[in-house]
Structure formats: structure tokens, C-alpha cells
Amino acid sequence: MTTVYEVTEQDIQILGSKIKQYKIKLELLNSQLQTIDTIQGDCLSCSYNCDSTSDIRRTCAVKVFIKDKTYNLDENSKFWFNRFLKIYIGLKTISSNGFIYYPLGLFTYSESDYTWDSSNRTLDLKAVDFVWYLTQTKIGGAETTKIPNGNIIRNALISIVTQLGGFSKYNIVDIHNIKDSTMNTVPYDIEVNAGTTVWELITKLRDLYIGYECFCDMDMFITRQIPTMIEDPVVLDYETIIKKQLVLSENMKVDFNTVRNVIEIFGSTIDVDGYTDTCTNSGSAYSCTINSVTELYDGLKVAVKLNVANGVSPTLNVSSLGAHAIVNSDGTTLVAGTINDYTAFEYKNEQWIVLGKYQVHSVCILRNTEPSDAEKTQDKITYNTDSIIYRVMPNSQFAIEKIGIRKDVKTGSDYENIYSNDLCEQRAQYENWKSTRLNRVLELGIQTIPFADVNQKFTYKLLSTGEIKTFITKKISSDDLTKGTETIEATEFFETYPNGDSY
């Protein structure tokens, strides 16, 4: 369960007040994150953006009136390279005793983010959360940095975040295969060149398995599963929103161009010395010809499109150079039916070792009904893979029976590290779920809700239809929080999530 803000009666009373006064407070912190000054009345404006889909989740642009020389831009200034900002929004009502402050976050800024207007004595600061440091810090010390196969992913992340990122506070969960929690180690050597940013290395580890996010919350680095919100309580209900007359405008956006009910993913391809699409068999004995292979030697890698699944004790004869046993990577005998279609092999110690699928390739199809055997056979031919997953949802308005086939093919850098069909199937399911569920976006122009944050659940009664639905906040933005308005973008909440076999 995610951390949920507990709304107090005082919060509700503030929201419902007809007359509110807004103020931005800045706390200036030194390199030890100790407060060295507080600025309350001199902040002229503050734009704000919080986006759960962005690497740098929180950003602010603050305009400050400069009173004296302690705020000038030099090494003696209170605004300098080793300074940080805590930014708060304060609300005051007729009945409240002074301003009530709510934190927007802990921020930093770079030298390129200063704009000084000497005539008006104003300073513009563009503040960003601490992920910015990770995107700017480059790895050095050696030509390459390697995280070896077998390292526990969580331990590797902790080492990177603390030693390369400089964080002393972190909350990093165990990253693992959603179907098998014991699969929590780096599956292959990850190697990056000098000059790669710390953030790039973090994301390589994060994305080994689907469903995880990394971000900074105040001074803490967090890695966790992307929240499903299934067990989380509602932070704000529609009755409060309506009763307090918070909504200024409503817009429901449905992007039909993003709806895709067939997701096809091409993962990694094993680098081989030769391949062939033609293979014959006699019982468990496979035979093929690869023109580039004229001799057998340890380390030779080939890919063969097998014409049938393997039988007991299979053998492979390449280019008439002799039949040799096909075995698992640990040398054990293959179980019948283990391999089929495009398969990669490595010749070693007079045996052919199975490396896996030559091209990792999976498809996920959303349907209203279970496919027939004939349809399954045709799909294997159409998509040229046996790795096909069917999401059967009888009431889905986006299934192929309702709107026809709308396919998206995903390849390239985000997917080329998917090294097994099992992971490829999980990713295809996840992408299919996103492309048929998260396409309805509610955009609300609303009075500033100071405790609003992304990944919060709220209920809302649509003005357009009268329907009461549950939404998840994904983005909050405001051109100027001191004016008391902001825009919230939220997606409709569904009880289902692609976690293992649960849909």
C-alpha cells in the first residue's frame, strides 16, 4: 500500500472557505539540509508541476523579490550551488489562526536556472527535485562500469544510489519478476561506458522487470512497485468536492489513437554466426544447412528455425558436420517439447547448448471470448510466434471483436533488453493493459488543494453524465499557486492490474 495523506477536519474547513489567501514560503537549506533562512512575504509567484510519469517528478519556477545583498548571486549568497529549497504553499482563511503551510517538496537548482532583474530586484529560480542530480552526474573512474550477472538488483541499486548518487536516505524495495519473487538478481552483465549518467544506470536495473518506478520524495530516493491503488483509501470524495464547490471546469479526454488491443513486442536477439529458416527432422534428429558454417568449434553460435518441437534426446546436424546432442545450459538432457521455432544454440564440448529463443517475441491480444483452436493456430501463423497471450474480458469495449484489430509493435532500446519469452509475455500483457485502460483522462480546473499529490485516489461525479467514478491523480500543475487554482489530470481507476495471472 502506498503512503496516503490523512485529510483532517481543518483541511476540509480550509477547502470550503469562500475567502482564502495564498502565500508561498521558501526555506533555504545548506548542504547538510539545515535551514539557514526563511522567505515568506517576498515570493511573488510560483508555478508548479508534479507529474508521476516524469523522471524529474516535481518542478517549480519561483519569482522572489530581493531585499538585500545577502541574496545576490555570488559565493556569499544564500542562493548558491550548495543551497537547497523547501517550498511550501500556505493558506489562510477568515477563521484560521494564521497561515497553514503544506510542503510542495525539496528542491535544488542549477547555475543555468537563475534570472536576475536588477531594475525590479527580482530573482527567478527554476527548482527541480533531487532526481536532477542523478540525471546530471556522470559515471567515471574507469572506461566501463559493470554490474555482474547474479547480483541482487536491490543491493546493486543501493550501492549506486549511495556511492554514485550521494543519497544517505533511501527506500528501495526488492525488484523481481512479478510471477516469481526469487528471480531478483541481475540476469546478465550490465556494462555502461564512462560518461553514462547515474540515472541511466538506475533505469537499466529498474526496467529489468516490469511495474517499478524510481523517484525522489523530499531528500529520500524511492524505488517501489507502481501502485495499483487497489487497497488504498479515497483521499477526497466527490461529495466534499461538490459541497465545497472546488471544481471550476471539467474536461474528459479520450485519445482513441492510443487504443491498441494487440501488442506485439520484439525483445533481444542473440548474436549468432549463422542462421537458417529451413530445418528437417527424422524423429528426434534435426538437420539443417548454414552456408557460413564450414566447421564446428567451441563458441560457434547458430540460430535454426526448428520445424517441430523436440522429441526425447534430440540431436542437431549442421551442414553435414555430424550429429551432436542438444542439451540444456547445465548439460542436462532436454525434456521433450522444450524447444521449437527460432532457437539459438552454442557448440561446446561436442554438444549443442540451447541458448534460448533467437528472437524474443511475444504477442498479447485482448478478446471478449476465448479463441478457438483454429483461431489460435492462425494467430501463430499470423504473428510468427508460439508466444501468444490472450486477455479475455467479456465486457471490454476495446476487444478485437468490438473494434477490430488495432496493433502496436514495440521494438528498440526500451525492449531490446527483454531476454526471455516469459518476461516478454509479461511486458506485452502490461502494455496491452495500459493501451486499453488508461486512455480516459479527466482534466479538472480546480481550486488549489494543498495536500493533493500524484497517485492519490479520489471519487468524482462527472458533470457531463452524472456518473460517479474513481480516479487516480497523475499530474498536478499550476501557472501560479498564489492565485489559488491548479489543473489536475487523472485516469480512471480499475480494479484489475496485470500482476501474474490476475486480471
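Strands E12 (212-217) and E13 (220-225) pair in the antiparallel sense over 6 bridges, helices (H or I, at least four residues) and strands (E, at least two) being DSSP runs numbered from the N terminus. Two strands are said to pair if DSSP finds at least two bridges between them. Within this pairing, the bridge partner of tyrosine 212 is glutamine 225 in E13. The model is predicted: local features need pLDDT of at least 70, side-chain atom pairs count only at pLDDT 80 or more, and totals for chains, interfaces and linings use all residues. Residues are numbered from 1 along each chain as its sequence is written, and side-chain values use heavy atoms, with hydrogens and water left out.

## The sheet and its helices

E12 and E13 belong to an open sheet of 3 strands, ordered E10-E13-E12, with mixed pairing. Strand E10 (170-172) and E12 are the edge strands, each pairing on one side only. Neighbouring strands of this sheet are turned by 20 degrees against each other on average, direction ignored. Axes here are lines fitted to C-alpha atoms, for helices over the stretch in contact, and angles run from 0 to 180 degrees between N-to-C directions.

Helix H3 packs on the sheet and touches E10 and E13; the direction of H3 makes about 160 degrees with that of E10. Contact means heavy atoms within 4.5 Å. Helix H4 lies across E12 and E13 and runs at about 140 degrees to E12.

H4 (residues 198-206) is largely enclosed by the rest of the structure, because 7 of its 9 residues are buried. Buried means under 20% relative accessible area, exposed over 50%, and partly exposed in between (1.4 Å probe, protein chains only). The buried residues of H4 are Val198, Trp199, Leu201, Ile202, Thr203, Leu205 and Arg206. Their packing partners include helix H2 (131-136), strand E9 (144-147), helix H3 (153-164) and strand E11 (190-193), together with E12 and E13.

## Strand E29 and its partners

Strand E29 (residues 468-478) takes part in three antiparallel pairings, listed below.

| Partner of E29 | Bridges | A bridge pair |
|---|---|---|
| E3 (residues 43-51) | 4 bridges | tyrosine 48 and serine 478 |
| E28 (residues 457-461) | 5 bridges | lysine 461 and isoleucine 468 |
| E30 (residues 485-492) | 6 bridges | lysine 475 and glutamate 489 |

The hairpin of E28 and E29 has 6 residues between the strands, and glycine 466 takes a positive phi near 80 degrees there. The hairpin of E29 and E30 also has 6 residues between the strands, with glycine 484 at a positive phi near 85 degrees.

## Aspartate 51

Aspartate 51 is found in strand E3. This residue is buried yet has no salt bridge; the nearest side chain of opposite charge, lysine 475, is 4.4 Å away. A salt bridge requires a side-chain nitrogen of Lys or Arg within 4 Å of a carboxyl oxygen of Asp or Glu. For charge, Lys and Arg count as positive and Asp and Glu as negative, while His and the chain ends are not counted.

The side chain of aspartate 51 does make a polar contact of 2.7 Å with that of threonine 53. A polar contact is a pair of N or O atoms within 3.5 Å; within protein, one must be able to donate a hydrogen and the other to accept it, and residues adjacent in sequence count only if both atoms are side-chain atoms. Not counting residues up to four places away in sequence, aspartate 51 touches Arg57, Val454, Lys474 and Lys475.

## Individual residues in a loop and a helix

Serine 319 lies in the loop between strand E20 (315-318) and strand E21 (323-327), as does serine 320. Serine 319 has a positive phi near 55 degrees, in a residue other than glycine. Serine 320, likewise not a glycine, has a positive phi of about 60 degrees. Serine 319 is buried, with a relative accessible area of 16%, whereas serine 320 counts as exposed at 66% relative accessibility.

Isoleucine 242 is found in helix H5 (residues 238-243) and counts as partly exposed, at 42% relative accessibility. Isoleucine 242 and glutamate 264 are 22 residues apart in sequence and 43 Å apart in space, C-alpha to C-alpha.

## The chain as a whole

The secondary structure of the protein chain comes to 8 helices and 30 strands. Of its 503 residues, 47% count as buried. The C-alpha trace spans about 90 × 60 × 35 Å along its principal axes. Among contacts between residues at least 6 apart in sequence, 70% join residues at least 24 apart.
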